[in-house]
Amino acid sequence: MSVQAVKRPIDPAHDPANLVEVRNLVKHFPVMGGFFRRQVASVKAVDGVSFDIRKGETFGLVGESGCGKTSTGRVVLRLEPATSGKVLFEGEDVMKATPNRVREMRREMQIIFQDPYGSLNPRMNIGDIVGEPLVIHKLAKGAELTNRVAKLLDVVGLAKSHMYRYPHEFSGGQRQRIGIARALALNPKLVVADEPVSALDVSIQSQILTLLEALQKEFGLTYLIIAHGLNVVKYISDRVAVMYLGKVVEIGTSEKLFASPQHPYTEALLSAIPIPNPEAKRERIILEGDVPSPVNPPKGCRFHTRCPYAFDLCREKEPELLQLENNHWVACHLRTEKIAG
């Protein structure tokens, strides 16, 4: 029986316009200690995250290092098991899928890793690396496999002759193109790109982003772009979610979020973006203190220890992610209090 013929359980709350729906996703990593190496605490990497990714869009996930972006992406693909919550892919709960079903879903969900130097097996040539997904899923072999790998390399701007070379013979930008070709081998619907250009020279970053945009149009891809560089997200994303200490604090269209940020944390992040015009002035918002530990996050709003606008309610009650206007959501008592007023 083909994959298409399998009857999949569809969640009744599923919106057909969405490819991915994340609901109250939680991922805690155990901290072991003591003589018997028992669990003494948990790292709350992802702690109640919800968002949707619409079919054909590019959804950006941004925040400081350690805020839970990469963990969210890995759990969405079920590379890591969730502690709790739902991840619906075309209405099917990825977390409840059987191992065989997850293997089938791998054809439709792929990842581009952050490190183009560490994500390619140095003992395999490029043809074997790019063709490996096709071999694993028994989709091609022999001459057909060679032809499909050659076409994939051509799509990402590499030559057929590169099939017989090894990763150490390529630059960082070329290695990332190889990683992109591998991700496209199975013709997926969703591609998670985890910091796809952060390890590359600035001159190469724009080339890779332009390539990702072109591939999206050609193959009808849906992207989840994970990044800490806001310029990258602004350039390529349709909508953006901002994370802080395991929580999503703001979601909006790229245009609205960058033009009119509503959460104080988002304001601070945007104030740090360099301005091309040296005569233009922008007030730089300097956040005091360090990011609290995800093992023991602050009570109430997790940002209140660094927020210049924090008041008593922020220290006592965790804000909900509420809709301010169409396609713009924020988790901030300061904003919701104004709405209520």
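What follows is a walk through the sheets, cores, cysteines and unusual backbone angles of this structure. The model is a predicted one, so everything here comes from computed coordinates.

The eight-stranded sheet is a good place to start. It is open, its strands run in the order β6-β7-β8-β3-β9-β10-β12-β11, and the pairing is mixed. At the edges sit β6 (109–112) and β11 (322–325), each of which pairs on one side only. Going from one strand to the next, the twist averages 20°. Strands of a sheet pair through backbone hydrogen bonds, and they can do this either parallel or antiparallel. Here β7 and β8 give a parallel example, joined by five bridges. One residue pair to look for is A193 and its bridge partner in β8, I225.

Then there is a four-stranded sheet. This one is also open, with the order β2-β1-β4-β5 and antiparallel pairing. Its edges are β2 (38–54) and β5 (92–93); each has a single partner strand, so one side of each is left without a neighbour in the sheet. Strand β1, residues 18–33, pairs with β2 in the antiparallel sense over 13 bridges. Within that pairing, V31 has A41 of β2 as its bridge partner.

Helix α1 ties into both sheets. This helix covers residues 69–76 and packs on the four-stranded sheet, where it touches β1, β2 and β4 (84–89), its direction making about 115° with that of β1. Helix α1 also lies across β3 (58–62), β6, β7, β8 and β9 (239–244), this time running at about 150° to β8.

Now for the nonpolar interior. The largest nonpolar core has 38 residues, and V130, I178, I180, L212 and L215 have the most contacts inside it. Helices and strands both feed into this core: α3 (126–136), α4 (142–155), α5 (172–184), β7 (190–194), α6 (202–219), β8 (222–227) and α7 (230–236) each supply at least two residues. To get a feel for the packing, take V130: leaving aside residues up to four places away in sequence, V130 touches V149, L152, L153, I178, A181, R182 and A185. Apart from this core lies another, made of 32 residues, including V46, F59, L190 and A241.

What about the cysteines? The disulfide count comes to zero. C67 is in no disulfide, and the nearest cysteine sulfur, in C301, is 14 Å away. C67 is also buried, with a relative accessible area of 4%. For C314, the closest cysteine sulfur again belongs to C301, at 5.9 Å. That is too far for a bond, because a disulfide needs the two sulfur atoms within 2.5 Å. Like C67, C314 is buried, its relative accessible area being 8%.

Finally, a couple of residues have backbone angles worth a look. Most residues other than glycine have a negative phi. E90, however, has a positive phi of about 55° although it is not a glycine. E90 sits in the loop between β4 and β5, and there it is buried, with a relative accessible area of 15%. N187 is not a glycine either, yet it has a positive phi of about 55°. Its place is the loop between α5 and β7. Is N187 buried or exposed? N187 is exposed, with a relative accessible area of 53%.

How values were computed:
Residues numbered from 1 in each chain as written. Predicted model: local features only at pLDDT ≥ 70, side-chain atom pairs only at ≥ 80, totals over all residues. Heavy atoms only, no water. Pairing = 2+ DSSP bridges. Contact = heavy atoms within 4.5 Å. Axes fitted to C-alpha atoms, helices over the stretch in contact; angles between N-to-C directions. Buried < 20%, exposed > 50% of the residue type's maximum accessible area, 1.4 Å probe, protein only. Core = buried A, V, L, I, M, F, W, Y, C linked by side-chain atoms within 4.5 Å.
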